[in-house]
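Subject: Handing over the structure

Hi,

Here is the structure I promised to pass on to you. Have a look at it first, and then read on for what turned up.

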Amino acid sequence: MVFRVRNKGPTEYYSGTLITKDKKIINLKNGEIIITPLTFNIRKKKPTVVSSETPMKWRIEIKNQDIKIITSPINNKAYNDTLIPYWEGPISFNGSHKGFGYLEMTGY
């Protein structure tokens, strides 16, 4: 599991936990994680006609763990336009590792 906390300034905070096949727990530090948005889904915000972009595909790299994956949403339309808008849903990922996961995003 990895996460990113965005800030209005230029800095962001990253953290995560890796559990190996032999159940070893590795705490991932801020400088070990690189998360880069690759593609975006453009949608209109309510009630205005201003559009916003929600990242749909991500590149996730974990330094020192040989992990380089690209995530893809299984359902692009999992955006929830509630009081606090968010996107959440299942994803697949490919690259150095393959599988399925779950992604949650707020603030887009």
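Let me start in a loop: K23 lies between β2 and β3. This is a predicted model, so please read everything below in that light. K23 has a positive phi of about 70 degrees although it is not a glycine. Most residues other than glycine have a negative phi, which is why this one caught my eye. As for its surroundings, K23 counts as exposed because its relative accessibility is 70%, and the cut-off for that class is over 50%.

There is a second case of this kind. N64, in the loop between β5 and β6, also departs from the usual sign, with a positive phi of about 70 degrees, and N64 is not a glycine either. With a relative accessibility of 68%, N64 counts as exposed.

**The overall picture**

The protein has nine strands and zero helices, so the pattern along the sequence is simply β-β-β-β-β-β-β-β-β. The C-alpha trace spans about 50 × 30 × 20 Å along its principal axes. There are 108 residues, and 29% of them count as buried. The accessible surface comes to about 7800 Å², with 56% of that area belonging to carbon and sulfur atoms. If you look at contacts between residues at least 6 apart in sequence, 32% of them join residues at least 24 apart.

**The sheet of β1, β2 and β3**

Back to the strands around K23. β2 and β3 form a hairpin with five residues between them, and K23 sits in that turn. β2 covers residues 13-19 and β3 covers residues 25-28; the two pair in the antiparallel sense over four bridges. In this pairing T17 stands opposite N27.

On the other side of the pairing scheme, β1 (residues 2-5) also joins β2 over four bridges, again antiparallel. Two of the facing pairs to look for are R4 opposite Y14 and V2 opposite G16. Put together, the three strands make an open sheet in the order β1-β2-β3, with antiparallel pairing. β1 and β3 each have a single partner strand, so one side of each edge strand is left without a neighbour in the sheet. On average, neighbouring strands of this sheet are turned by 10 degrees against each other, direction ignored.

Within β3, I26 is worth a click. I26 counts as buried because its relative accessibility is 19%, and the class ends at 20%. Leaving aside neighbours within four places in sequence, I26 is in contact with G16, T17, L18, T20 and Q65. Q65 is 39 residues away from I26 in sequence, while their C-alpha atoms are 10.0 Å apart in space.

**Charged side chains**

How many salt bridges does the count come to? The count comes to one. The side chains of R4 and E12 meet in it, at 3.4 Å from N to O. R4 counts as partly exposed because its relative accessibility is 22%, and E12 is partly exposed too, with a relative accessible area of 29%.

E61 gives the other side of the story. E61 is found in β5, which covers residues 51-62. E61 is buried yet has no salt bridge, and the nearest side chain of opposite charge, R59, is 4.3 Å away. A salt bridge is counted within 4 Å, so the pair does not qualify. Neighbours within four places in sequence aside, the residues in contact with E61 are E32, I33, I34, I67 and K68.

**β6 and its partner**

Two of those contacts, I67 and K68, take us to β6 (residues 67-73), where they belong to opposite faces. The covered face holds I67, I69, T71 and P73, whereas K68, I70 and S72 make up the uncovered one. In a regular strand the side chains alternate between the two faces of the sheet. β6 is joined to β8 (residues 86-95) by five bridges, and the two strands run antiparallel. T71, from the covered face, stands opposite F93 in β8.

That is what I have for now. Happy to go through any of it with you.

Best wishes

Key: Residues are numbered from 1 along each chain as its sequence is written. This is a predicted model: local features need pLDDT of at least 70, side-chain atom pairs count only at pLDDT 80 or more; totals for chains, interfaces and linings use all residues. Side-chain values use heavy atoms; hydrogens and water are left out. Two strands pair if DSSP finds at least two bridges between them. Axes are lines fitted to C-alpha atoms, for helices over the stretch in contact, and angles run from 0 to 180 degrees between N-to-C directions. Buried means under 20% relative accessible area, exposed over 50%, partly exposed in between (1.4 Å probe, protein chains only). Lys and Arg count as positive and Asp and Glu as negative; His and the chain ends are not counted. Contact means heavy atoms within 4.5 Å. Accessible areas come from the Shrake-Rupley method with a 1.4 Å probe; for residues, only the protein chains shown count as cover.
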